[in-house]
Amino acid sequence: MALRGGRQRRGRHRPFRAAPGDNPEGQRHSLPLHREVAEKIAAGDGSGAQQALLVLIDNAEEDVRRSVENRNRRRKEQRS
């Protein structure tokens, strides 16, 4: 199956979409991280923007990990 940009979907990987209960903390905590990236770009601070973006990506990765764990926990509870 082709995805946007011509990339192919391989194996059993599926796009991740967070459901409402997956991350009870929501995404509001990421707004300051996005703001930091935008401010660094606006200031012409390329290396600062890169560092801020890496923090944002690490944070997003942890959010996805936590969401998957919450989803898996709920599914397991529903089966038992």
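The exercises below work through a predicted model of one protein chain.

Residues are numbered from 1 along each chain as its sequence is written. In this predicted model, local features need pLDDT of at least 70 and side-chain atom pairs count only at pLDDT 80 or more, while totals for chains, interfaces and linings use all residues; side-chain values use heavy atoms, without hydrogens and water.

**Exercise 1.** State which secondary structure elements the protein chain has and how its contacts are spread.

Solution. The chain has two helices and zero strands (DSSP runs, H or I of at least four residues for helices and E of at least two for strands, numbered from the N terminus). Of the contacts (heavy atoms within 4.5 Å) with a separation of 6 or more, 55% are between residues 24 or more positions apart.

**Exercise 2.** Place Ser30 and decide whether Ser30 is buried or exposed.

Solution. Ser30 sits in the segment before helix 1 (31-42). Its relative accessibility is 8%, so Ser30 counts as buried (under 20% relative accessible area; exposed is over 50%, partly exposed in between, with a 1.4 Å probe and protein chains only). Buried residues are 15% of the 80 residues in the chain. Ser30 is 26 residues from Leu56 in sequence, and their C-alpha atoms are 7.3 Å apart.

**Exercise 3.** Locate Ile57 and describe its exposure.

Solution. Ile57 belongs to helix 2 (residues 46-79). Its relative accessible area is 47%, so Ile57 is partly exposed.
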